[in-house]
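User: I'd like to learn how to read salt bridges and helix packing in a model. Can you walk me through it?

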Amino acid sequence: MFFELIAVFVAGFAGAGAAMILRKVTGGRLPRWLVPVGAGAAMLVATISSEYTWYARTAAALPEGMQIAQTVESRAAWRPWTYVFPLTDRFVAVDIGGLRANQQTTDLYLAEMAFFARWRPVTQVQIMVDCAGNRRADPTMGDGSDPVWRDVGPQDPVVQTVCAEA
């Protein structure tokens, strides 16, 4: 986040500098207010670019064995361009390389799942996936209680990802 802030400031200085050069080249015929407008426009473009490239940069940096199961696109009124070009700001990845099969029950797997979201720390949980029953168990509170199974169907992206690799 700190480096993105620095990048936005650098873009602002570059935008202001470009506007100043344009004013100089045109012999001062362009208005002086073009300099702060150039700085603001460059900062806005840098921020939007950073938002839209976050998913691609983060997905490319995933360790080997992590596979993206689901992405979430968002639209917001304060970012009206997202209604035309939706922004991917969250995704779920499953550690396919670390799948562990249950020794007593066939088609039952333990998997590490990681939740990535823009401006939030990564959250990792372990889930159980029953490929035969098309269901998964959400994480328990760590108190040793039995898992709570949810019938999610074969279209669930996490079930599809785990069962396709298992």
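Analyst: Sure. Let's begin with the idea: a salt bridge is a side-chain nitrogen of Lys or Arg within 4 Å of a carboxyl oxygen of Asp or Glu. Keep in mind that this is a predicted model. Here, arginine 118 and glutamate 4 fit the bill, with N to O at 2.7 Å. They sit 114 residues apart in the chain: glutamate 4 belongs to helix H1, while arginine 118 lies in the loop between strands E4 and E5.

User: How many salt bridges are there in the whole structure?

Analyst: A search turns up five. Another one joins arginine 79 to glutamate 51, at 3.5 Å from N to O. Arginine 79 is in the loop between strand E1 (66-74) and strand E2 (87-95), and glutamate 51 is in helix H2, 28 residues apart.

User: Which residues are linked in a network of salt bridges?

Analyst: Glu4, Glu51, Arg79 and Arg118 are. So the two pairs we just went through belong to one network.

User: Are those charged residues buried or exposed?

Analyst: The general idea first: buried means under 20% relative accessible area. Arginine 118 and glutamate 4 are both buried, and arginine 79 and glutamate 51 are buried as well.

User: What about the salt bridge of aspartate 156?

Analyst: Its partner is arginine 136, and their closest N and O atoms are 2.7 Å apart. Aspartate 156 is in the loop between strand E7 and helix H3, arginine 136 is in strand E6, and 20 residues separate them.

User: Why does aspartate 156 count as buried?

Analyst: Because its relative accessibility is 12%, and the cut-off is under 20%. Arginine 136 is buried too, since its relative accessible area is 11%.

User: Now the helices. How do H1 and H2 cross?

Analyst: For a helix pair, look at how close the axes come and at what angle they cross. The axes of H1 (residues 2-25) and H2 (residues 34-60) come within 7 Å and cross at roughly 140°. The crossing is right-handed.

User: Which residues make that contact?

Analyst: On the H1 side they include Glu4, Val8, Phe9, Gly12, Gly15 and Arg23. From H2, the list includes Leu34, Val35, Gly38, Met43, Ser50 and Arg57. By type, the contact residues divide into 12 nonpolar, five polar and three charged. Notice Glu4 again: besides contributing to the contact with H2, Glu4 is part of the salt-bridge network.

Note on methods. Residues numbered from 1 in each chain as written. Predicted model: local features only at pLDDT ≥ 70, side-chain atom pairs only at ≥ 80, totals over all residues. Heavy atoms only, no water. Axes fitted to C-alpha atoms, helices over the stretch in contact; angles between N-to-C directions. Helix = DSSP H or I, 4+ residues; strand = E, 2+ residues; numbered from the N terminus. Left-handed = near helix turned anticlockwise from the far one by under 90°. Contact = heavy atoms within 4.5 Å. Nonpolar A, V, L, I, M, F, W, Y, C, P; charged D, E, K, R; others polar. Buried < 20%, exposed > 50% of the residue type's maximum accessible area, 1.4 Å probe, protein only.
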